Amino acid sequence: MVFWVFGYGSLVWNPGFDYDEKIIGFIKDYRRVFDLACIDHRGTPENPARTCTLEEKEGAICWGAAYCVRGGPEKEKLAMQYLERRECEYDRKTLVNFFKEGDSLHPTLTDVIVFTSTPDKVNNKYYLGPAPLEDMARQIATAYGPCGNNRDYIFLLEKAMHDIGKLSP
(Lines give C-alpha, C1' and ligand atoms only; values in the text may rest on other atoms or scores of the structure.)
Protein backbone atom coordinates (compact mmCIF):
# COMPACT_ATOMS: atom_id res chain seq x y z
CA MET A 1 0.00 0.00 0.00
CA VAL A 2 1.09 3.54 -0.75
CA PHE A 3 -0.54 6.59 0.78
CA TRP A 4 -0.41 10.32 0.24
CA VAL A 5 -1.14 12.89 2.93
CA PHE A 6 -1.78 16.61 2.40
CA GLY A 7 -0.23 19.11 4.77
CA TYR A 8 -1.58 22.65 5.00
CA GLY A 9 -0.21 23.78 8.38
CA SER A 10 2.96 22.76 10.19
CA LEU A 11 3.30 19.63 8.05
CA VAL A 12 4.32 21.95 5.19
CA TRP A 13 7.52 23.09 6.92
CA ASN A 14 8.02 20.29 9.43
CA PRO A 15 6.62 16.94 8.28
CA GLY A 16 8.51 14.98 10.94
CA PHE A 17 8.05 11.57 9.31
CA ASP A 18 9.89 9.55 6.71
CA TYR A 19 8.38 10.22 3.28
CA ASP A 20 9.44 9.30 -0.24
CA GLU A 21 8.13 12.19 -2.32
CA LYS A 22 6.81 15.72 -1.78
CA ILE A 23 4.69 17.67 -4.26
CA ILE A 24 3.58 21.29 -3.87
CA GLY A 25 0.01 21.97 -4.91
CA PHE A 26 -3.50 22.60 -3.69
CA ILE A 27 -6.86 21.09 -2.86
CA LYS A 28 -10.18 22.58 -3.94
CA ASP A 29 -13.26 23.69 -2.04
CA TYR A 30 -11.44 24.06 1.29
CA ARG A 31 -9.90 27.06 2.97
CA ARG A 32 -7.47 27.26 5.86
CA VAL A 33 -8.93 28.73 9.07
CA PHE A 34 -7.43 29.18 12.53
CA ASP A 35 -10.31 27.56 14.39
CA LEU A 36 -8.64 24.59 16.07
CA ALA A 37 -7.28 24.49 19.62
CA CYS A 38 -3.80 23.14 20.15
CA ILE A 39 -3.18 22.26 23.80
CA ASP A 40 -0.05 20.13 23.51
CA HIS A 41 2.32 21.83 21.04
CA ARG A 42 1.86 25.61 20.85
CA GLY A 43 -0.61 26.04 23.69
CA THR A 44 -1.89 24.49 26.90
CA PRO A 45 -5.33 23.40 28.11
CA GLU A 46 -5.56 26.67 30.06
CA ASN A 47 -4.38 28.84 27.16
CA PRO A 48 -4.91 26.97 23.87
CA ALA A 49 -3.16 28.03 20.71
CA ARG A 50 -5.07 28.60 17.49
CA THR A 51 -3.90 26.38 14.67
CA CYS A 52 -5.18 25.57 11.21
CA THR A 53 -7.98 23.36 10.18
CA LEU A 54 -9.90 23.30 6.94
CA GLU A 55 -13.34 24.71 6.30
CA GLU A 56 -15.35 23.60 3.32
CA LYS A 57 -15.99 26.51 0.96
CA GLU A 58 -17.03 26.12 -2.63
CA GLY A 59 -14.54 27.68 -5.03
CA ALA A 60 -11.78 28.04 -2.44
CA ILE A 61 -8.32 26.53 -2.78
CA CYS A 62 -5.79 25.66 -0.10
CA TRP A 63 -2.11 25.40 -0.97
CA GLY A 64 0.23 23.01 0.77
CA ALA A 65 2.31 19.88 0.25
CA ALA A 66 1.38 16.29 -0.50
CA TYR A 67 3.70 13.65 0.91
CA CYS A 68 3.96 10.09 -0.38
CA VAL A 69 4.82 7.20 1.90
CA ARG A 70 5.71 3.93 0.22
CA GLY A 71 8.11 1.17 1.00
CA GLY A 72 6.15 -1.51 2.69
CA PRO A 73 3.59 -2.01 5.42
CA GLU A 74 5.93 -1.32 8.36
CA LYS A 75 7.13 2.05 7.03
CA GLU A 76 3.58 3.10 6.18
CA LYS A 77 2.28 1.96 9.57
CA LEU A 78 4.98 3.95 11.40
CA ALA A 79 4.26 7.08 9.37
CA MET A 80 0.51 6.85 9.95
CA GLN A 81 0.96 6.20 13.68
CA TYR A 82 3.19 9.27 13.90
CA LEU A 83 0.68 11.40 11.99
CA GLU A 84 -2.28 10.23 14.08
CA ARG A 85 -0.39 11.02 17.29
CA ARG A 86 0.78 14.41 16.04
CA GLU A 87 -2.56 15.39 14.53
CA CYS A 88 -4.58 14.15 17.51
CA GLU A 89 -6.69 17.32 17.69
CA TYR A 90 -8.16 16.49 14.27
CA ASP A 91 -11.08 14.09 14.50
CA ARG A 92 -11.42 13.18 10.81
CA LYS A 93 -9.37 11.90 7.93
CA THR A 94 -10.86 13.16 4.69
CA LEU A 95 -9.95 11.98 1.20
CA VAL A 96 -9.40 14.76 -1.33
CA ASN A 97 -8.15 15.35 -4.86
CA PHE A 98 -4.80 17.13 -5.13
CA PHE A 99 -3.86 19.48 -7.97
CA LYS A 100 -0.62 21.02 -9.18
CA GLU A 101 -0.32 24.56 -10.44
CA GLY A 102 -1.13 24.79 -14.12
CA ASP A 103 -3.84 22.11 -14.18
CA SER A 104 -6.82 22.81 -11.98
CA LEU A 105 -9.13 20.59 -14.03
CA HIS A 106 -7.40 17.22 -13.68
CA PRO A 107 -6.20 16.05 -10.27
CA THR A 108 -2.58 15.01 -10.03
CA LEU A 109 -3.51 12.67 -7.17
CA THR A 110 -6.78 11.26 -5.88
CA ASP A 111 -7.70 9.89 -2.46
CA VAL A 112 -5.10 11.98 -0.64
CA ILE A 113 -5.57 11.88 3.14
CA VAL A 114 -6.01 15.21 4.90
CA PHE A 115 -6.55 15.63 8.64
CA THR A 116 -9.60 17.81 9.30
CA SER A 117 -11.85 18.60 12.21
CA THR A 118 -15.58 18.57 12.69
CA PRO A 119 -16.77 22.18 13.01
CA ASP A 120 -18.88 21.43 16.05
CA LYS A 121 -17.98 22.63 19.55
CA VAL A 122 -20.21 20.02 21.19
CA ASN A 123 -18.81 16.94 19.44
CA ASN A 124 -15.24 18.15 18.91
CA LYS A 125 -13.60 19.45 22.05
CA TYR A 126 -10.74 21.01 20.05
CA TYR A 127 -12.91 23.06 17.72
CA LEU A 128 -12.83 26.72 18.78
CA GLY A 129 -14.77 28.13 15.87
CA PRO A 130 -14.42 31.58 14.40
CA ALA A 131 -13.89 34.61 16.61
CA PRO A 132 -13.43 38.34 16.11
CA LEU A 133 -10.03 39.09 14.59
CA GLU A 134 -8.88 41.02 17.67
CA ASP A 135 -9.69 38.09 19.96
CA MET A 136 -7.91 35.63 17.69
CA ALA A 137 -4.86 37.92 17.48
CA ARG A 138 -4.71 38.23 21.28
CA GLN A 139 -4.98 34.45 21.71
CA ILE A 140 -2.27 33.80 19.09
CA ALA A 141 -0.02 36.47 20.61
CA THR A 142 -0.18 35.01 24.12
CA ALA A 143 -0.44 31.21 23.70
CA TYR A 144 2.70 29.22 24.44
CA GLY A 145 3.34 25.49 24.73
CA PRO A 146 6.11 22.87 24.72
CA CYS A 147 6.93 23.49 21.04
CA GLY A 148 7.05 27.26 21.37
CA ASN A 149 4.66 30.14 21.01
CA ASN A 150 1.63 30.35 18.78
CA ARG A 151 3.04 33.43 16.99
CA ASP A 152 5.88 31.33 15.59
CA TYR A 153 3.34 28.89 14.12
CA ILE A 154 1.78 31.78 12.17
CA PHE A 155 5.16 33.16 11.07
CA LEU A 156 6.44 29.72 10.02
CA LEU A 157 3.26 29.10 8.05
CA GLU A 158 3.65 32.46 6.32
CA LYS A 159 7.27 31.65 5.48
CA ALA A 160 6.30 28.21 4.15
CA MET A 161 3.63 29.74 1.90
CA HIS A 162 6.12 32.37 0.73
CA ASP A 163 8.71 29.67 0.01
CA ILE A 164 6.28 27.75 -2.19
CA GLY A 165 5.21 30.94 -3.92
CA LYS A 166 1.84 31.39 -2.23
CA LEU A 167 2.08 34.32 0.16
CA SER A 168 -1.45 34.23 1.53
CA PRO A 169 -2.15 31.44 4.05
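**Salt bridges, core and cysteines**

Lys159 forms a salt bridge with Asp163, and their closest N and O atoms are 2.7 Å apart. This is a predicted model. Both Lys159 and Asp163 belong to helix H4 (residues 150-163), where they sit four residues apart, about one turn of the helix. Lys159 is partly exposed, at 45% relative accessibility, while Asp163 is exposed, with a relative accessible area of 51%.

Elsewhere, salt bridges with shared partners join Asp18, Asp20 and Lys75 into one network. Within it, Asp18 pairs with Lys75, the closest N and O atoms lying 3.8 Å apart. Asp18 is in the loop between helix H1 (10-13) and strand E2 (21-38), and Lys75 is in helix H2 (residues 73-86), so this salt bridge ties together parts that are 57 residues apart in sequence. Asp18 itself is exposed, with a relative accessible area of 52%.

Helix H3 (residues 133-142) holds another pair of this kind within one helix: Arg138 and Asp135 are three residues apart there, about one turn of the helix. The two form a salt bridge whose closest N and O atoms are 3.2 Å apart. Asp135 is partly exposed, at a relative accessible area of 37%. In general, side chains of opposite charge can pair when their charged atoms come close. The whole structure contains nine salt bridges.

Leading into H3 from strand E5 (109-116) is the loop that contains Gly129. Gly129 is buried, with a relative accessibility of 0%. Its contacts, leaving out residues up to four places away in sequence, are Asp35, Arg50 and Lys121. The C-alpha atom of Gly129 is also 8.1 Å from that of Phe34, although 95 residues separate the two along the chain.

From here the path leads to the nonpolar interior. The largest nonpolar core has 41 residues, and the members touching the most others are Phe3, Val5, Phe6, Tyr8, Phe17, Ile27 and Phe98. At least two residues of this core come from each of strand E1 (3-7), H1, E2, strand E3 (49-69), H2, strand E4 (92-98), E5 and H4. The greatest share is that of E3, which gives nine residues.

Phe6 shows what such a position looks like in detail. Apart from neighbours within four places in sequence, Phe6 is in contact with Leu11, Gly25, Ile27, Cys62, Trp63, Gly64, Ala65, Ala66, Phe98, Val112, Ile113 and Val114. Two of the residues named with Phe6 for touching the most other core members, Ile27 and Phe98, are among these contacts of Phe6.

Cys62, also a contact of Phe6, raises the matter of the cysteines. A disulfide is a covalent bond between the sulfur atoms of two cysteines. How many disulfides does the structure hold? The count is zero. Cys62 is in no disulfide, and the nearest cysteine sulfur, in Cys52, lies 7.6 Å away. Cys62 is buried, with a relative accessible area of 1%.

What keeps Cys147 from a bond with the closest cysteine? The closest cysteine sulfur belongs to Cys38 and is 7.4 Å from that of Cys147, which is too far for a bond, because a disulfide calls for sulfur atoms within 2.5 Å. Cys147 is partly exposed, at 46% relative accessibility, whereas Cys62 is buried.

Methods:
Residues numbered from 1 in each chain as written. Predicted model: local features only at pLDDT ≥ 70, side-chain atom pairs only at ≥ 80, totals over all residues. Heavy atoms only, no water. Salt bridge = Lys/Arg side-chain N within 4 Å of Asp/Glu carboxyl O. Buried < 20%, exposed > 50% of the residue type's maximum accessible area, 1.4 Å probe, protein only. Contact = heavy atoms within 4.5 Å. Core = buried A, V, L, I, M, F, W, Y, C linked by side-chain atoms within 4.5 Å.
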